[in-house]
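Trainee: I am new to this structure. Can we go through it together, with a reason for each term?

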Amino acid sequence: MAEASESVPAGRPPTAPWTATVLTILPEIFPGPLGQSLAGRALAEARWRLEIVDIRGFARDKHRSVDDTPFGGGPGMVMRADVVDAAIAAVSADGAAGPLIYLSPRGRRLDQARVRDLAAGPGVVLLCGRFEGVDQRVLEARAVEELSIGDFVLSGGEPAAIVLIDACVRLLPGVVGAVSSLAEESFERGLLEYPHYTRPAEWQGRAVPAELLSGHHARIAAWRRRQAETITQTRRPDLWARHVAEHGSTKERNDEPD
Ligand SMILES: C[S@@+](CC[C@H](N)C(=O)[O-])C[C@H]1O[C@@H](n2cnc3c(N)ncnc32)[C@H](O)[C@@H]1O
């Protein structure tokens, strides 16, 4: 297992790329999926950096304990404030870039707007919890932001950190080849994305919508827009209400008198 002193480099170059610094007791989980495909290629091309810090390297006893029983009783263990704080102090002293975020089911729900903000900054410092979570005092003392990836409970923050990093990395310059594909994606304009089709044009008796075969760019764009609106309206009434309040809908505009 990597020691903290090995995994935190001394000093960062002033022009460092977007950097994800991850504090974890399971460093071997990384890079995991982040080492593959789009994110993995971008990592190899140094378009972003991943620094993994083993929280156990900051434990104070010979057993390298990072957790203890909860005051007040109850099941499970709690990650110790002093050990977590020492890990945070080490990465801060090293100039770790970006906000300090604890992945937590109690946090504000991560969304594409927050992902865009984070990707536009210098990076993120992510604290991954295990057991019952982290001693509240260090979260308060370090003014840690809490972010959740959804209303369910994972066994650790590492998968959530991977989700957050992946979502940010694909927005970094040069990572996704066709930038236009990002602009069309779900959430970019407050709508879910339209459906996609590829060859064959007919499969098991199902034909590709005629508009997409028309070669007529304006008709294709209008069809995709209508599909995106219908899908959003049906599947996510919350997003749809916000979208209509902010932008109106094609349907409404089409109904307006000239
Ligand atoms: C078993 S969970 C702890 C759950 C905690 N006792 C609770 O009920 O809120 C262990 C760790 O997984 C991570 N985690 C679990 N669910 C998450 C979620 N939905 N989003 C982000 N991180 C999550 C957090 O880092 C958490 O400290």
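Mentor: We will take the overall picture, then the sheet, the core, the ligand shell and a few unusual backbone spots. Keep in mind that the model is predicted.

Trainee: What makes up the secondary structure of the protein?
Mentor: The protein has 11 helices and nine strands. Its C-alpha trace spans about 75 × 45 × 40 Å along the principal axes.

Trainee: What share of the residues in the protein is buried?
Mentor: Of the 258 residues, 29% are buried. The cut-off is 20 or more other C-beta atoms within 10 Å of a residue's own.

Trainee: How do you know that contacts join residues far apart in sequence?
Mentor: Take the contacts with a separation of 6 or more. Residues 24 or more positions apart account for 77% of them.

Trainee: Now the sheet. What is the order of its five strands?
Mentor: The order is β2-β1-β6-β5-β7, the pairing is parallel, and the sheet is open.

Trainee: Why are β2 and β7 called edge strands?
Mentor: β2 (48–54) and β7 (145–148) each pair on one side only. Neighbouring strands in this sheet are turned by 35° against each other on average, direction ignored.

Trainee: How do you know that β5 pairs with β7?
Mentor: Two strands pair if there are at least two bridges between them. Strand β5 (residues 100–109) and β7 are joined by five bridges, so they pair, and they run parallel. One bridge partner of a β5 residue is Leu147 in β7, which is matched with Leu103.

Trainee: What about β5 and β6, how many bridges join them?
Mentor: Four bridges join β5 to β6 (residues 123–128), again running parallel. That meets the cut-off of at least two, so this is a pair as well. Tyr102 has Leu127 as its bridge partner in β6. Leu100 has Val125 as its partner there.

Trainee: And β1 with β6, how many bridges are there?
Mentor: Five bridges join β1 to β6, and the two strands run parallel. Thr19 stands opposite Gly123 in β6.

Trainee: What makes β6 a covered strand?
Mentor: Six of its six residues are buried. In a regular strand the side chains alternate between the two faces of the sheet. On one side of β6 are Gly123, Val125 and Leu127, and on the other Val124, Leu126 and Cys128. These residues are buried on either side, so both faces count as covered.

Trainee: Which residues touch the most other members of the largest nonpolar core?
Mentor: Leu23 and Leu126 do, in a core of 50 residues. Helix α6 (residues 158–169) gives the most to this core, with seven residues. Nonpolar side chains tend to be buried together in soluble globular proteins.

Trainee: What does Leu126 touch?
Mentor: Leu126 touches Ala20, Val22, Leu23, Ile101, Leu103, Ala161 and Leu164, leaving out residues up to four places away in sequence.

Trainee: Which residues come nearest to the ligand?
Mentor: Leu103, Gly129, Leu154, Gly157 and Ala160 come nearest, out of 19 residues around the ligand. Strand β5 gives the most to this shell, with four residues.

Trainee: How do the residues of the shell around the ligand divide?
Mentor: Eight are nonpolar, eight are polar and three are charged. Gly counts as polar here.

Trainee: What joins Phe30 and Pro31?
Mentor: A cis peptide bond, with omega about 0°. Pro31 sits in the loop between β1 (18–24) and α2 (37–44). Another cis peptide bond joins Arg199 and Pro200, also with omega about 0°. Pro200 is in the loop between α7 (179–183) and β8 (202–203).

Trainee: What is the phi of Ser37?
Mentor: Phi of Ser37 is near 50°, a positive value in a residue other than glycine. Ser37 is in helix α2.

Trainee: Why is Ser37 called exposed?
Mentor: The cut-off for exposed is 12 or fewer other C-beta atoms within 10 Å. Ser37 has 10, so it is exposed.

Trainee: And Gln204, is it buried or exposed?
Mentor: Gln204 has 5 other C-beta atoms within 10 Å, so it is exposed by that cut-off. Gln204 lies in the loop between β8 and β9 (206–207). Its phi is near 50°, again a positive value in a residue other than glycine.

Note on methods
Residues numbered from 1 in each chain as written. Predicted model: local features only at pLDDT ≥ 70, side-chain atom pairs only at ≥ 80, totals over all residues. Axes fitted to C-alpha atoms, helices over the stretch in contact; angles between N-to-C directions. Near = placed C-beta within 6 Å. Core = buried A, V, L, I, M, F, W, Y, C linked by C-beta atoms within 7 Å. Contact = placed C-beta atoms within 7 Å.
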